[in-house]
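Visitor: Before we begin, may I ask you to set each value beside the definition that it rests on?
Guide: Gladly; here is the model.
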2 protein chains.
Amino acid sequence: MLKDIIDNNENYQPGLSIDCVIFGFHDNQLKVLLIKVERANKWSLPGGFIPVDQDIDTAAITVLNSRTGVDGVFLRQFATFGKVDRNKQHFDKKTLEYLKIEEAKGKWLMRRFVTIGYYALVDFSKILPNPIGRYEIVEWIDHKEVPELILDHREILDKALDTLRTELNLMPIGYNLLPEKFTIPELQKLYETILDKKLDRRNFLRKITNIGILTKLDEKKSNVAHKAPNLYSFDKEKYDEVLKNGLNQGW
Amino acid sequence: MLKDIIDNNENYQPGLSIDCVIFGFHDNQLKVLLIKVERANKWSLPGGFIPVDQDIDTAAITVLNSRTGVDGVFLRQFATFGKVDRNKQHFDKKTLEYLKIEEAKGKWLMRRFVTIGYYALVDFSKILPNPIGRYEIVEWIDHKEVPELILDHREILDKALDTLRTELNLMPIGYNLLPEKFTIPELQKLYETILDKKLDRRNFLRKITNIGILTKLDEKKSNVAHKAPNLYSFDKEKYDEVLKNGLNQGW
DNA sequence: ATTACATTGCGTCATAATAACACATTAACG
DNA sequence: CGTTAATGTGTTATTATGACGCAATGTAAT
């Protein structure tokens with residue numbers, strides 16, 4: 001991958017990259033898909049470069065798809081990061097030597113890269129994290145236990161989560177993060193996890209059902225301790241409508 | 001400006017630009033600062049390039065400042081635009097010939113540029129639109145009467161307005177768009193203009209004052225037809241607090 | 001079997017926010 | 001000096017929200 005880009009850097013948008021914050025939900029935890037290259041001791045967000053003949057949104061889809069195998073999911077640009085020194089230490093001379101990249105060829109890697117941040121919401125159960133090459137580790141990590149990340153990836157992740165929190169007030173969420181059938185308590189946990197605060201069960205039920213995007217199924221969750229909760233699914237049509245028009249108009 | 005960039009394109013971030021949507025409010029109209037180069041028959045958003053030794057936010061401030069003379073105002077990144085063909089027609093061979101740019105030197109201008117969009121809110125009365133060079137026309141234009149724009153600038157403008165509308169529900173607005181002293185009806189007109197819908201006077205007053213960011217002055221607007229409205233100012237401290245914490249939490 | 005217990009489902013009530021509207025007040029103007 | 005077109009203040013009905021109570025349900029311990 002990197003070799004391809006170095007040998008053919010004319011084919012890629014110079015000085016630009018894409019980084020994806022891929023969110024999943026599992027075990028009542030909001031997880032983030034992170035990548036570790038064996039030689040490094042820090043993790044990073046899955047990212048990539050932009051072919052000159054692709055829209056940036058298309059390039060983002062490619063990044064997401066190459067790591068998760070899924071497409072057609074929720075993927076949204078949220079911010080672009082371009083501090084002067086954001087990748088100063090990343091591709092320095094030492095690293096180039098380590099990677100056996102000729103200095104002339106790798107010089108452009110040492111310049112400042114501006115990166116466009118996208119965040120994705122995916123169904124954890126449908127994803128098989130996909131390492132590219134032998135030396136790469138791809139893992140879901142609880143967003144509360146994210147280790148040190150390279151460059152400004154921590155800032156990017158924080159901003160993504162912040163955006164998600166804000167957009168939670170403007171749009172419905174869950175369709176892309178939960179399996180097809182789910183319970184209200186599960187959906188509530190998702191909200192609580194993202195917002196990092198407790199919500200009242202009863203008020204949550206009222207508010208979420210009032211939106212009119214849920215279909216109550218004639219089926220209960222099985223194999224659970226205590227009272228079996230009812231299963232729900234999203235009414236895709238109404239969900240998409242609300243997603244388009246937004247909720248909580250305000251004015 | 002362009003000549004400087006062509007001669008020293010090593011000093012600028014390649015393939016990247018910045019475009020600013022600068023909003024002002026005057027005569028009950030939401031105005032946008034647009035630029036027309038004499039040779040062209042289309043208008044464009046004020047934009048610029050990114051020096052390799054500057055943060056992108058800093059470069060955006062520079063663009064805003066060079067056209068308006070103001071700084072320290074509200075300036076916010078809202079989206080990045082990078083469709084493959086977004087500047088296909090802009091710097092084609094013909095244009096390079098017209099501008100007397102050698103093809104070798106101008107070649108990089110013909111490639112796809114990705115542009116980072118910022119929007120600014122400024123006090124109309126404090127701005128003297130500032131043309132750079134003799135052949136440039138800078139003008140405030142009512143957002144409802146914006147003529148044809150170059151490239152995808154129409155899309156950028158629309159997205160900026162859309163973002164502003166959404167953020168109106170999340171933050172207070174007006175401090176940067178209105179003069180120091182203003183009336184409630186003026187503030188309401190601002191909201192109505194941005195949202196493009198009528199609001200009820202009495203409900204607006206209640207809601208806006210309940211936010212707790214307004215100071216009622218012991219002074220009335222003079223020289224007005226009909227009953228003289230009271231003057232208000234923003235309580236900067238409380239305003240900034242709300243701006244930071246947001247309003248309409250939702251969940 | 002019976003009981004304890006954690007969790008779900010449904011409901012209540014007080015309070016706050018919102019939408020729709022009535023009426024008095026003010027200043028310019030003919 | 002009354003008309004007119006604004007502003008300022010208040011009222012009411014409806015809806016949304018926040019804080020709870022209590023019964024129902026299924027698991028697990030006795």
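Visitor: Which element gives the largest share of the surface near DNA strand C?
Guide: The largest share comes from α7(B), with four residues; helices here are DSSP runs of H or I with at least four residues, strands are runs of E with at least two, and both are numbered from the N terminus. The model is predicted, so local features need pLDDT of at least 70 and side-chain atom pairs count only at pLDDT 80 or more, while totals for chains, interfaces and linings use all residues. Residues are numbered from 1 along each chain as its sequence is written, chains are lettered from A and ligands numbered from 1 in the order in which they are written, and side-chain values use heavy atoms, with hydrogens and water left out.

Visitor: What makes a residue part of the surroundings of DNA strand C?
Guide: One of its heavy atoms must lie within 4 Å of the strand. By that criterion 19 residues surround DNA strand C, and the closest are A:R201, A:R202, A:N230, B:R202 and B:R206. Sugar and phosphate make up 47% of the atoms of DNA strand C that come within 4 Å of the protein. α7 (201-210) of chain A and α7 (201-210) of chain B each supply at least two residues of this surface.

Visitor: Why is the pair formed by B:R206 and a base nitrogen called a polar contact?
Guide: A polar contact is a pair of N or O atoms within 3.5 Å (within protein, one must be able to donate a hydrogen and the other to accept it, and residues adjacent in sequence count only if both atoms are side-chain atoms). An N or O atom in the side chain of B:R206 is 3.4 Å from a base nitrogen of DNA strand C, so the pair qualifies. A polar side-chain atom of A:K227 lies 3.4 Å from a base oxygen of the strand, whereas for B:K227 a polar backbone atom is 3.4 Å from a base oxygen.

Visitor: How do you know that chains A and B are related by a two-fold axis?
Guide: Two copies of a chain are related by a rotation about an axis and a shift along it. Here a rotation of 180° with 0.0 Å of shift superposes chain B on chain A, with an RMSD of 0.0 Å, and that is the relation of a two-fold axis. The superposition is by least squares on the C-alpha atoms of residues with pLDDT of at least 70 in both copies.

Visitor: How many residues of chain A count as buried, as a percentage?
Guide: Of its 251 residues, 47% count as buried, that is, under 20% relative accessible area, with exposed over 50% and partly exposed in between (1.4 Å probe, protein chains only).
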